[in-house]
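Colleague: I'm new to this one. Could you put it on screen and walk me through it?

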Amino acid sequence: MVQTNSDGISPDGQQPGSGIQPLLERLSSDQFREWYQDRKWRKNIEEGQPYFNGPGSIPDPERHSPSQLLQCHRKLVYRQENAPAEQSDPRGIFWFGTRFEEDLLFPFLNRAVTGTETYVQNSIWIDFTVESDAGELRIKGATDPVIVDSDAAPVLPTEVKTKSAVDNISEPNRHHRAQVHAYLVGLSEKFDRDFSDGVLVYGGREALELKTFHVEFDAEFWDEVVVDWAEEHTQYRLDDELPPADPEYDWECRFCSYRERCGKGDTNYQDVDSNGLLAGYAGYPRDDVVEYLEANPDESLTPTLAKEFPELAKEYGVVNWYCRCCSSEVSWEEADPQGDPLCPRCAEQDGLSTLSLAREEL
Ligand code: SF4
């Protein structure tokens, strides 16, 4: 037991229990976030994938990934061109999806199908091209677990998705069917054999349940829906055109990281291209701001974000204001970024004029 004086202070001058405080501080959400980021960074290096640290390179317009087929064209263009994300990745959902596939589904498949004839392979790389009016399209990516024969030739590819619950799923999502179709075409090409069957496995996060759907190859769906979509997407990229805000499913907007610049958020922005942080938007996650500024050394913080993250202002700089009325640049610290910031020079002359960011005017 620690001896204390009449004020309850121990001989080393500490209040009872004060040794707990540093421990509690080490258990904060900030500490967890930093630890998680660092762990992910190290893991990518250890696994020979340092390119996952930081923003990805901009893919060629002809390049497509099976997992992105049929998604909102505009959202994909924002993501492919590294527009700053307005909300963090739903890491918990990604993490659960990986754990579900590796820790539960793979062992389950192994148990369920492994015999003298069939085995389970983690994934198979596919890389193939299709002709289109926009030129040759390339579809490249890795499958989910594939049931294979004793020569490791595919028998039945799977695609695994997790959802909060599976009991209300009555049919597979078209995006997921498109993904299985890409696997079937890619595997047919790679193994010089026609594959026409796959299986979509939905895993429920809450009750840990499964629902499976047999997917049969549908040439019309592949040619007239999936390949047409890929051709259209490539054409938007080649023409440097912002695609319409027209996703197939409404829920895409709910989970989209670009709602504000697209025009579906709570601000007045609309149809903004992929470049730059939005001047009046304060909701960017700190990590995404840092990642964006690291990848774009010519960019600076907006005054709104400098107020939100003052510690970043010194490191990355802050873009100043500009007044069109008196044609003068105004330091970012001289105006309140909230609402419509007013020009202090014009105010001295009893004028009212709204400031805009200098980077947009000079
Ligand atoms: S908010 Fe909706 S329409 Fe806009 S980019 Fe995102 S998913 Fe597409």
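Colleague: How do the residues of the shell around the ligand divide into nonpolar, polar and charged?

Modeller: Bear in mind that this is a predicted model, where local features need pLDDT of at least 70, side-chain atom pairs count only at pLDDT 80 or more, and totals for chains, interfaces and linings use all residues. Residues are numbered from 1 along each chain as its sequence is written. The shell (C-beta atom, placed from the backbone, within 6 Å of the ligand) includes Cys 72, Arg 74, Glu 252 and Tyr 258. Counting Ala, Val, Leu, Ile, Met, Phe, Trp, Tyr, Cys and Pro as nonpolar, Asp, Glu, Lys and Arg as charged, and the others, Gly among them, as polar, the split is seven nonpolar, no polar and five charged.

Colleague: Which element gives the largest share of the largest nonpolar core?

Modeller: That core has 29 residues; a core is a set of buried Ala, Val, Leu, Ile, Met, Phe, Trp, Tyr and Cys residues joined through C-beta atoms within 7 Å, buried meaning 20 or more other C-beta atoms within 10 Å of a residue's own, with C-beta atoms placed from the backbone. Helices (H or I, at least four residues) and strands (E, at least two) are DSSP runs, numbered from the N terminus. Among the elements that supply at least two residues are α4 (91-113) and β7 (197-204). The largest share, seven residues, comes from α5.

Colleague: In β11, what is the bridge partner of Trp 321?

Modeller: Strand β9 (residues 321-323) pairs with β11 in the antiparallel sense over two bridges, and pairing takes at least two bridges found by DSSP. The partner of Trp 321 in β11 is Leu 357.

Key: A residue is buried if 20 or more other C-beta atoms lie within 10 Å of its own, exposed if 12 or fewer, and partly exposed in between; C-beta atoms are placed from the backbone.
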